[in-house]
Every structure is written in structure tokens, then in C-alpha cells.
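Me: I'd like a close look at one small part of this chain, the buried or exposed state of a residue and what surrounds it. Could you then set that part against the rest of the model for me?

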Amino acid sequence: MSHHPIAADLLARIQSKSAKAAVIGLGYVGLPLGMSIARAGFTVMGFDIDASKIDAIDARKSYIEAVPDHILEAECEAGRFAATTDFLQLADYDVIAICVPTPLTRHRDPDLSYIENTCRQISRSLRPGQLIVLESTTYPGTTEEVVKPILETSELRAGEHFFLGFSPEREDPGNREFETSTIPKVIAGDGAEASAMMAAFYGAVVKTIVPVSSTATAEAVKLTENIFRAVNIALVNELKLVYDAMGIDVWEVIDAAKTKPFGYMPFYPGPGLGGHCIPIDPFYLTWKSREFDQPTRFIELAGEINTAMPHHVVEKLAEALDRKAGKALSRSRVLVMGLAYKKNVPDIRESPSLRLMELILERGAEVSYFDPFIAEIPKTREYSHLKGRRSVEWSEDNLSSFDAVLIATDHDTVDYQALADWCPLIVDTRNTFARRQISGQTIIKA
């Protein structure tokens, strides 16, 4: 038991679930987290600067696939969950989880402005007896070097008046096998008392907690998971180009290799990387490592290979149009199939499809897209000029009028046999047709 009265009181409130929790940032991480905390029996308030999210929650309408409407409705009706844009209410909450975006700047440096602004907001109403937890993915040292000093501008001291922790999100949009509460959660507190609070709080919310020794270690765990994927995807993307030159099908190679029951794990090539984690997070470590004069050649090389993939795909598209249709890409109409960054989700964060559309436009072609999950391209940080374009109508007349269809995202709900029957040329970056035993002269792997 803590000898520190503020810490002892907060820990007791967490253990009895009388502590009230706030979640800042109600996106892909924050809303599912808020639901899990509410379902564990805590009272939760969600905070977001986007009033449309609050309106949706007030109307009991979820905008995140991982949170069905009926679960949102149940927690709101039970009085365990509500949402607001009024950040001054933060003083009423004992545990505050920060789940805001951490993008990169144009120079590939971490953009911590969302975290910094949020911490400034919290510091205005910070009071003794609060636990502040960062969940946003970031470089090792952020909790200690960025969050703590901003919060301490309130004249309160971390570890004495308020407490700090870090617990990285592990969401996997579209994965039906796991949800927030069933994915093991890495946790760390800044000091023994904060660590005890983190264990009590997250231990009540998720099935399995994985405590580590420091917030910097927990920050490093998240980056390690994503760098592992980035490097392995870069490897198979490079192998695809090498084997392609040799006339070998990389998909067949991977399918055979993955029958090995040990020492191998399948990763698959694609048209580029999407989602928040894999294209962005590795660069958080490369940036931080410069402070220590440590090169990160492996990670940067993986980033270069993955970033170059959309260019390879567009080259393949141009070559296929030239060979099969005798037509220049600049005089062609191209349909990009799938806008989301991964199949069966409505999430376009960092999607390579947007980059592919941009590259095709730069080559002088007309470009459209079809995606059953995304009716219209919303505003994005990088591709504001694509905003407002709408998914084309699914019909034989419509689809057969394109010179080429580029499969960028292989949603399961699409009728690929119809595509093969209707379209004069298909460039497949996902092995979509071969996996479905659909073959034809019009289908080219890229």
C-alpha cells in the first residue's frame, strides 16, 4: 500500500471502480478503448475536438467498425459513456487516456502537435489525484520528455500530485478475432505508484496486462512491433521484383514457404503501405535515434523500398496497357479498385491507393475508384485535391468502359469473376484472382 495519501486514494478509487475515466480522441483507438473501459464498469467521458463525432455518439450511431451501434447504445443508456467537446470538464475525471493522432511532418519528422496541444489542454484543469496515460504511438521518451514537462507547467508535480503512464494501442481494424479487451496490453507507469495504478486500471479493462519497467520501454515495444512488419513487408516487396524478373511468382513461393512449421512467418507484398502504424511509426525511431548518433539503416531502407512500391505498380500498369491494349497510360481511363489501406475496412489512413491515384493523374491519365466501404474521398492531410471524388457505380457498362482496372485493395465483398468477365485489362497487386482460381488473358500480376 502506498504511503503517499494522494496516490493511495487514487489507487483505491481505481480498484473500487469509483474512479471516473476520460478518453481524449475518439477515433479508431479511443472509441473502442472507451467502450472497453465502460464495459469494465467505469464511468467514461469521451473528449474530441470534432463535434460531428460527438453528434454521432449522442445519436447512438457508431462511426468505427469495431464498435457496433448496439454496444455504444447500451453503454450510453446505462450512463457509463458520454462524449463532449468541452475540455474544461477534464478536471472531473480521475484517469485520462490520450488517444490522439501522431502523424509525420512533410520532412518525415514526428508531428507531436496533437499530443502537445492535448497536454496543454489537460494542464489547464489538472488537479491532484489524476492519472494521465498516453496511448498514442510515439518515440521512446515522449511521456517523460514531452508530456511530463507540459503537464508540470500547471505547478503540479508528476509522481507527487498527479501520475503518468504509457500503454500503446494495439488495434487491428477489420480483425474479427480480437477486440480491445482481449488483446494483451503492454503497460508502464512513471514510478512505482503510477505502475500500480496502471496495473489496477488496465487489469480491470483487459484480460491480460504486460507490465514493463519504464514508459520508454513501453513506447519502444510498440515501435518494435510495427518495425517488424515494415521490414518484413519491404523484404517480400523486394523479393517480388527480383522473382518477377526471373519469371517466378512470389505468391506461389510464399504459399509454399509458409508450410514450414517453424522459423518462417508469411508476409505479403502489395502496392505500398497503408494504415497509421507501418508507414509512419518506424520513422519515429529513426528520428529519435539521431539524437544518439545511432544509424537505422535497416529501417530506412525498408521505408525506401515500401515507398517506391506505388511507382513500380504504375510502371507495371503502363507496361500492361502498352503491351495488351497498345495504348499509352496518358490516354487511358484507369479504375483503382479499393481505396482503403487494407481489405474489409473503411479506413483510408495513409492508403497507398491515394498515392496510386495521384501518380496515375501525374502521368496524364483519367482515374476513378470503386470501394464498397468508401462512397466519397474525405479530406486527408496529404491528398486534399482528391477530396470529394466518389466511388463509381458498379455495373457492367460502367466498369467495362475503363481501359484498365488496378486492384489495390482486395475487399472480399467484390465480385471478382464479374470483373474478370467485364474488364479488358486487370492489373492485380494482391494476387486476388489467383487466390480465387480465376484466370484469364486479361489479368496481369503486379
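Reply: Happy to! A strand here is a DSSP run of E with at least two residues, and strands are numbered from the N terminus. With that in hand, the part to look at is strand β1, which covers residues 20–24 and holds Val 23. Please keep in mind that this is a predicted model.

Is Val 23 buried or exposed? Its relative accessible area is 0%, and since buried means under 20%, Val 23 falls in the buried class. Which residues touch it, once those up to four places away in sequence are set aside? The list runs through Gly 30, Leu 33, Gly 34 and Ile 37, then Val 44, Met 45, Gly 46 and Phe 47, and ends with Ala 97 and Cys 99. For a distance to a residue further along the chain, take Val 206: it is 183 residues from Val 23 in sequence, and their C-alpha atoms are separated by 16 Å.

A second strand residue makes a useful partner for Val 23. Val 210 sits in strand β8, residues 209–211. At 33% relative accessibility, Val 210 is partly exposed, whereas Val 23 is buried. Beyond four places in sequence, Val 210 has contacts with Pro 184, Lys 185, Val 186 and Ile 187. The C-alpha atoms of Val 210 and Ser 167 are 9.6 Å apart, with their positions 43 residues apart along the chain.

Now for a helix. His 311 belongs to helix α11, residues 297–325, and is partly exposed at a relative accessible area of 39%. Outside its sequence neighbours within four places, His 311 contacts Arg 355 and Leu 359. Measuring C-alpha to C-alpha in the model, His 311 and Thr 432 are 20 Å apart in space and 121 residues apart in sequence.

Two loop residues deserve a glance for their backbone angles. Most residues other than glycine have a negative phi. Glu 350 is not a glycine, yet its phi is positive, at about 55 degrees. Glu 350 lies in the loop between β9 (333–337) and α12 (352–362), where it is partly exposed at 32%. Asn 431 also has a positive phi, near 60 degrees, and is found in the loop between β12 (426–428) and α15 (432–435). Asn 431 is buried, with 4% relative accessibility.

UniProt, in an unreviewed entry, places the feature "domain: UDP-glucose/GDP-mannose dehydrogenase C-terminal" at residues 335–435. That span is 27% helix and 15% strand, and its end C-alpha atoms lie 21 Å apart.

Finally, the whole protein chain. It has 15 helices and 13 strands. Its radius of gyration is 24 Å, close to the 22 Å of the globule rule for 446 residues, so the chain is as compact as a globular protein of that length. Of those 446 residues, 52% count as buried, and Val 23 is one of the buried residues. Among contacts between residues at least 6 apart in sequence, 69% join residues at least 24 apart. The chain exposes about 19800 Å², with carbon and sulfur atoms supplying 52% of that area. As for charges, the mean positions of the 47 positive and 61 negative ones are 2 Å apart.

Note on methods. Residues numbered from 1 in each chain as written. Predicted model: local features only at pLDDT ≥ 70, side-chain atom pairs only at ≥ 80, totals over all residues. Heavy atoms only, no water. Helix = DSSP H or I, 4+ residues; strand = E, 2+ residues; numbered from the N terminus. Rg over C-alpha atoms; globule rule 2.2 N^0.38 Å. Buried < 20%, exposed > 50% of the residue type's maximum accessible area, 1.4 Å probe, protein only. Contact = heavy atoms within 4.5 Å. Areas by Shrake-Rupley, 256 points an atom, 1.4 Å probe, with all protein chains shown as cover. Lys, Arg positive; Asp, Glu negative; His and termini not counted. Charge placed at Lys NZ, Arg CZ, Asp CG, Glu CD. UniProt positions renumbered as here; feature names shortened; annotations may be inferred.
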